Amino acid sequence: KIGPTNPLCPAPGEPADASCIDKPYKTKLRIVKDDTDLVQFTASDVNGNFFINLDPGSYTITIPDLSKQLPSLPDTTVVVEKGKVTDIKLMFDSGIR
């Protein structure tokens, strides 16, 4: 799951502004199997969900555009085990402070 892009507002207010609530993010993802040149791409839906079949191993998830424009995603390592579903939550940084 691509989990919310945050923060969406410079500082939380009281009462909380509904437009500032973290929101799912639709984006493309680049998945690289560690120690190889094997690259796969996938995309999340409007709810931030994605699913991809991967062989067991260690993978690094990044955004395809390596220029690191906002919102940004730190490189994320995930280990996929044989016969198991691996749930992850990726948090993007909107750059708003």
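User: What makes Val39 in E3 a partner of Val32, and which residue stands opposite which?

Analyst: Val32 stands opposite Val39 in E3. The model is predicted: local features need pLDDT of at least 70, side-chain atom pairs count only at pLDDT 80 or more, and totals for chains, interfaces and linings use all residues. Residues are numbered from 1 along each chain as its sequence is written, and side-chain values use heavy atoms, with hydrogens and water left out.

User: How do you know that E2 and E3 pair?

Analyst: Two strands pair if DSSP finds at least two bridges between them. Five bridges join strand E2 (residues 28–33) to E3, and the two run antiparallel, so by the definition they pair. Strands (E, at least two residues) are DSSP runs, numbered from the N terminus. E2 and E3 form a hairpin with five residues between them, and Asp35 in the turn has a positive phi of about 65°.

User: Why are E3 and E5 said to stand at the edges?

Analyst: The open sheet has four strands in the order E3-E2-E4-E5, with antiparallel pairing. Strand E3 (39–43) and E5 each have a single partner strand, so one side of each is left without a neighbour in the sheet. E4 and E5 are joined by five bridges, and Gly57 stands opposite Val80 in E5.

User: What makes twelve residues of the lining of the largest pocket nonpolar?

Analyst: Ala, Val, Leu, Ile, Met, Phe, Trp, Tyr, Cys and Pro count as nonpolar, Asp, Glu, Lys and Arg as charged, and the others, Gly among them, as polar. By that rule the lining divides into twelve nonpolar, three polar and five charged residues.
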